[in-house]
Amino acid sequence: MLHAEDGARLECSVAVERASGASAGHGVQRRVLRRATVTLGRDEFRELVLRVQDVRGGAHENFALRSDFRLFMRFVKDGKCTVNFPQSNAQVLISDCPPDRLKTFLKTLSIKHEASRGTNPVSERARMRAGVPRSFEIISPVQQKDIQKANELRSKVNAPVQVKALTERAVNRTDGRQRVKRPRADGDASPVKALHPHKKPVLTLPVAQKLSKEQMAVLNAVLSGKNVFFTGSAGTGKSFLLKRIVGSLPPKSTYATASTGVAACHIGGTTLHSFAGIGSGSAPLEQCLELAQRPGVLQHWTSCKHLIIDEISMVEAEFFDKLESVARSIRRSSEPFGGIQLIVCGDFLQLPPVTKGKEKPGFCFQARSWRKCIQVNMELTEVRRQTDRTFISLLQAIRVGRVTEEVSARLLKSASNPIERDGIVATRLCTHKDDVELTNENKLKQLPGPLRVFEALDSDPMLVKTIDAQSPAGQTLQLKVGAQVMLTKNLDVHRGLVNGARGVVVDFLPGNQGHDSGLRGDLSGPCV
Ligand SMILES: Nc1ncnc2c1ncn2[C@@H]1O[C@H](COP(=O)(O)OP(=O)(O)OP(=O)(O)O)[C@@H](O)[C@H]1O
């Protein structure tokens, strides 16, 4: 069972629009509430009502949720939705709402609305006659019986229409005209029906996968506004929890980032570098501030209230300190990180920061500003990825560098296990570039079919040497159908085309037809 608070109340931005004339064409009055509560409840006649009120109090507005209201839910994952009330020529536009809360709220609304269909609405006349004092009661939590009732009513709507019988009746008319009576398109109007005109899906209890106790403790610390760092070994659900955290915070002021493109892609965010816009951060502070004030970047810094950073172990200490200074300067605040709430996650026993040259990278927890920025440190201890206890303890031993002979023997035994998905084989990690090249050459030679060679076209011949030295991709690229490939650049994080994304060549197409079609990838669906 859900708690009423979970499904019946939202905190978000609201705009209430009313058509000022009898028809919608006569101009619109708009009232904007930057922080509002939207509550689902029942009035004195037990009818469903949506109540909108400024969080600071003041007058509220009630909207009756009768059968003609419409829900527009296309942008729910961005924390937005519109409820349209044709009878009163009004609509309530909800925005900047934590997406997970909005989903639960709308599910509660759908179930309660469906379950109360069939009860006749009380007319305005009857309301006035009754003389009952106005009241508003927050909706009770969704229960199994609500869902059952809603689904029973839905199954009636889903039942096939007896068109044949009607047709026969029409044919038997005495006037001989073939008029077939059709079921009325608006006969059983329902907002949910409008979204699914053919068949309504079965409603279920709005319960997402449950967080463990320790995951819940982290979420609560985040929701209380604290700057949190949480860690845990591989598979303890750090990214899973981060996604839940992203869904629980207001989208306009929340930025989900990670140190690498692949990690950013997992939580539906961007890289920390692209959020910050200060390049590698190695330039002097003045220069970084200039970079951070460019249009498009400045807005990140000024609108951000909650900054999420995944895979923090790969963020370098000096870069973190630079970000912290930039945040304070740009936001003109002396608070740590300019008052931005930090939600930081990662495992310092996994990958370290990448640095150029020979200097030893500093871990983020060694940054000068780390201690003043992070208020709470938490650890997830329960591994959720595997249930095989032996394998888990083996991984834990490697994590802390205790690789005994027994551990090595067990690992070597698994070396020949086949690992493949959609033709993409497991990535082999090497310690040196030469080994990488040798392995790739050998694998390519083993493949049948002709070899295709692609030469890079460099517009500035003077810079070719530098580009070749800096770029992870060489001047020539040799491929065959069946070759395993990996992207070495973040092309489009949202589509999964990130540094490290894997694929396999399935075909070569001539000219510009080749764009986006010749590779199969494992991160962005069947074709990239
Ligand atoms: N509360 C939960 N309920 C159900 N499944 C969960 C839960 N928490 C985590 N998982 C699952 O456990 C697996 C590992 O989670 P996740 O990838 O978030 O771990 P991680 O700590 O980020 O790992 P890594 O450090 O390797 O990136 C995933 O398949 C995830 O869906």
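**Aromatic contacts, nonpolar cores and salt bridges**

In this predicted model, one aromatic cluster is formed by Phe-229, Phe-320, Phe-337, Phe-348, Phe-363, Phe-365 and Trp-370. Aromatic pairs number 12 in the structure, and two of them are described here through members of the cluster. The rings of Phe-320 and Phe-337 make a tilted pair, with 5.6 Å from centre to centre and 50 degrees between the planes. Because Phe-320 belongs to helix 13 whereas Phe-337 sits in the loop between helix 13 and strand 13, this pair ties together parts that are 17 residues apart in sequence. Phe-320 is buried, its relative accessible area being 0%, and Phe-337 is likewise classed as buried at 0%. For Phe-348 and Phe-363, the ring centres are 5.9 Å apart and the planes stand at 85 degrees, so this pair is edge-to-face. Both partners lie in the loop between strand 13 and helix 14, at positions 15 residues apart. Phe-348 is buried, with a relative accessible area of 16%, while Phe-363, at 24%, is partly exposed.

Some of these aromatic residues reappear in the largest nonpolar core, which has 34 residues and in which Trp-301, Leu-307, Ile-312, Phe-320, Phe-337 and Trp-370 touch the most other members. At least two residues of this core are supplied by each of helix 10 (272–276), helix 11 (285–292), strand 12 (306–310), helix 13 (317–330), strand 13 (341–345) and helix 14 (370–373). The greatest contribution is that of helix 13, which provides 7 residues. When neighbours within four places in sequence are left aside, the contacts of Trp-301 include Phe-275, Ala-276, Ala-292, Leu-323, Val-326, Ala-327, Phe-337 and Ile-340, and also Arg-331. A second core, separate from this one, consists of 29 residues, among them Phe-69, Phe-85, Leu-102 and Ile-139.

Nonpolar side chains are also found at the surface, where Phe-391, Leu-395, Ile-398, Val-403 and Leu-411 make a patch of about 360 Å². Helix 15 (residues 389–399) accounts for the largest share of this patch, with 3 residues. Ile-398 is located in helix 15 and counts as partly exposed, since its relative accessibility is 34%.

Charged side chains form 14 salt bridges in the structure. In one of these, Arg-30 and Glu-17 meet at an N to O distance of 2.3 Å; as Arg-30 lies in strand 2 (residues 28–43) and Glu-17 in strand 1 (residues 9–19), the pair ties together parts that are 13 residues apart in sequence. Arg-30 is exposed, with a relative accessible area of 52%, whereas Glu-17, at 16%, counts as buried.

Strand 2 also carries Arg-31, whose partner Glu-61 lies in strand 4 (residues 60–64), 30 residues apart. The closest N and O atoms of the salt bridge between Arg-31 and Glu-61 are 2.7 Å apart, and Arg-18 is linked with these two residues in a network of salt bridges. Arg-31 is partly exposed, with a relative accessible area of 33%, while Glu-61 is buried at 16%.

A further salt bridge joins Arg-66 to Glu-47, with 3.2 Å between the closest N and O atoms. Here Arg-66 comes from the loop between strand 4 and strand 5 (70–72) and Glu-47 from the loop between strand 2 and strand 3 (48–54), so that parts 19 residues apart in sequence are tied together. Arg-66 is buried, with a relative accessible area of 18%, and Glu-47 is buried as well, with a value of 10%.

Methods
Residues numbered from 1 in each chain as written. Predicted model: local features only at pLDDT ≥ 70, side-chain atom pairs only at ≥ 80, totals over all residues. Heavy atoms only, no water. Core = buried A, V, L, I, M, F, W, Y, C linked by side-chain atoms within 4.5 Å. Buried < 20%, exposed > 50% of the residue type's maximum accessible area, 1.4 Å probe, protein only. Helix = DSSP H or I, 4+ residues; strand = E, 2+ residues; numbered from the N terminus. Contact = heavy atoms within 4.5 Å. Patch = residues over 30% accessible without salt bridge, like charges linked within 9 Å, V, L, I, M, F, W, Y side chains within 5 Å. Areas by Shrake-Rupley, 256 points an atom, 1.4 Å probe, with all protein chains shown as cover. Salt bridge = Lys/Arg side-chain N within 4 Å of Asp/Glu carboxyl O. Phe/Tyr/Trp six-rings, centres within 6.5 Å; stacked < 30°, edge-to-face > 60°.
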